[in-house]
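Biologist: I would like to learn how to read salt bridges and empty space in a protein model. Could you take me through them one at a time?

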Amino acid sequence: MLLPFGILASSGAGPAGAMELISTTVVSTPVTSLTFSSIPQTYKHLQVRTTWHENTSGYVFVTANGHSSASSTAVHYLTGNGTTVASAGNTNWPGYWFNGFAGAIDSNGTSVFSAGIIDVLDYTQTTKAKTYRMFSGGPTTVGLTSALDTSLEAVNTLLFWTGGAATFSAGTRFSIYGIKG
Amino acid sequence: MPSAMTALATTTLASASATVTFSSIPGTYRDLRLVIVPVASTGTGDVKINFNGDTGASSYAQVYMYGNGSSAVSGSATNFATIYASAGATFTTAFETVITTDIFDYAQTDKHKTVLCRGNVASINTNASAARWVSTSAITSIVVGAQTNNFGVGTVISLYGVSA
């Protein structure tokens, strides 16, 4: 069955809906971090969608609200590397950051990007800790991650950083969306 | 503020079909999302995805993992002629399968196309995979195909554009 596109698909914007783009950043010069700040507090959840490449093996770490001292987080990973499935976790992660995309370390050819989706649920609520759910993959790994940040602060800033000597390459893109509820 | 996710096309099959094709996909979005709810016309089948009619022997690479209730498995290949949207699991004659496929930067011509698939087949497994179309061409058409047996009546396949 062939479904050609017509006028319904010719425009890039539809009527108002539950998912709205807040901001997009596309890297033109290599950087070690990207920040979304002053995140509007008018949505129910956030979603971050990204494609990224790093110049050498690295990670994508996530820090909320500029935390710079250890706070209590919990994180669990499930990864497949093409040979085995592995799981790791820590229910008392003594850091203010977590590895957002377990196993999706990519330093392959310049045309080969990894991709990921992060959901931050109930990000504005000051009566509950913040739950992060991540799905990611690249040329050599696929991973599912869940993380809990026990801070009761509403999330207003998200920092994504590589750690070590790695930089996000040109063409890396991070987009953040608000989900109404 | 306009919605960031736009429904581009949906089909609900009224008769069995081996494929559902989305053509002339506009390049005005950033990502695409497929939501696939397949049922087999008979027996079982695999859900395959191909871009721009490319069925070359080494046009796709994929790494996957799944859990089937008794074991967890991971595998990979760099010489696929298609993307298998639900790794390790076939769809059946029961409505028990939901697959989401995210295609990132589909219109960008500076990178290969990265795809994330999540499949859930209630009687078989839950699975996740990362795939890549080894091409820097913009995606303008997608064929969602059934391998072995056809998609049956009631199969729903929807395509969405995600703006950025």
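Modeller: Gladly, and bear in mind that this model is predicted. Side chains of opposite charge can pair when their charged atoms come close. Here the side chains of B:Asp105 and B:Arg30 form a salt bridge, with 2.7 Å from N to O. The two partners are 75 residues apart: B:Asp105 belongs to the loop between β8 and β9 of chain B, and B:Arg30 to the loop between β2 (19-22) and β3 (31-37) of chain B.

Biologist: Are B:Asp105 and B:Arg30 buried or exposed?

Modeller: Both B:Asp105 and B:Arg30 are buried.

Biologist: With which residue does B:Arg33 form a salt bridge?

Modeller: B:Arg33 pairs with B:Asp102, and their closest N and O atoms are 2.9 Å apart. This pair also links distant parts of the chain, with B:Arg33 in strand β3 of chain B and B:Asp102 in strand β8 of chain B, 69 residues apart. B:Asp102 has a relative accessible area of 2%, so it counts as buried, the cut-off being under 20%.

Biologist: Which residues are linked in a network of salt bridges?

Modeller: Both chains take part: the network contains A:Arg49 and A:Arg173 together with B:Arg30, B:Asp31, B:Arg33, B:Asp102, B:Asp105, B:Asp110 and B:Lys111. The two pairs we have just discussed, B:Asp105 with B:Arg30 and B:Arg33 with B:Asp102, have their residues in that network.

Biologist: How many salt bridges does the structure hold over all chains?

Modeller: There are 12 over all chains. One of them joins A:Lys180 to A:Glu20, with 3.0 Å between the closest N and O atoms. A:Lys180 sits in the segment after β13 (173-179) of chain A, while A:Glu20 is in strand β2 (residues 19-26) of chain A, 160 residues apart.

Biologist: Why is A:Lys180 called partly exposed, and why is A:Glu20 called buried?

Modeller: Partly exposed residues fall between 20% and 50%, and A:Lys180 is given that label because its relative accessibility is 39%. A:Glu20 has a relative accessible area of 6%, so it is buried.

Biologist: Now for empty space. How should I think about finding it?

Modeller: Rolling a probe the size of a water molecule over the atoms shows where empty space is left. In this model, the largest pocket holds about 510 Å³ of space.

Biologist: Which residues lie nearest the centre of the largest pocket?

Modeller: Of the 23 lining residues, those nearest the centre are A:Gln47, A:Ile117, A:Asp119, A:Arg133 and B:Arg33. You have met B:Arg33 already, as the salt-bridge partner of B:Asp102.

Biologist: Which strands supply at least two residues of that lining?

Modeller: Chain A offers β6 (73-80), β9 (114-121), β10 (130-137) and β11 (142-149), and chain B offers β8 (97-103) and β9 (113-121). The largest share, four residues, comes from β8(B). By type, the lining has 11 nonpolar, seven polar and five charged residues.

Biologist: How many cavities of 30 Å³ or more does a search of the whole structure find?

Modeller: The search finds one. The largest cavity has a volume of about 40 Å³. Its lining includes A:Ala64, A:His67, A:Lys130, A:Tyr132 and A:Asp149, and the lining residues divide into three nonpolar, three polar and three charged.

Technical notes. Residues are numbered from 1 along each chain as its sequence is written. Chains are lettered from A and ligands numbered from 1 in the order in which they are written. This is a predicted model: local features need pLDDT of at least 70, side-chain atom pairs count only at pLDDT 80 or more; totals for chains, interfaces and linings use all residues. Side-chain values use heavy atoms; hydrogens and water are left out. On a 1 Å grid over the protein atoms alone, a cavity is a set of points where a 1.4 Å probe fits but cannot get out, and a pocket is an open set with protein on both sides within 12 Å along at least five of seven lines; lining residues have an atom within 4 Å of a point. Grid points are joined across faces, edges and corners, and a volume is the space filled by probe spheres set on the points. Ala, Val, Leu, Ile, Met, Phe, Trp, Tyr, Cys and Pro count as nonpolar, Asp, Glu, Lys and Arg as charged, and the others, Gly among them, as polar. A salt bridge is a side-chain nitrogen of Lys or Arg within 4 Å of a carboxyl oxygen of Asp or Glu. Buried means under 20% relative accessible area, exposed over 50%, partly exposed in between (1.4 Å probe, protein chains only).
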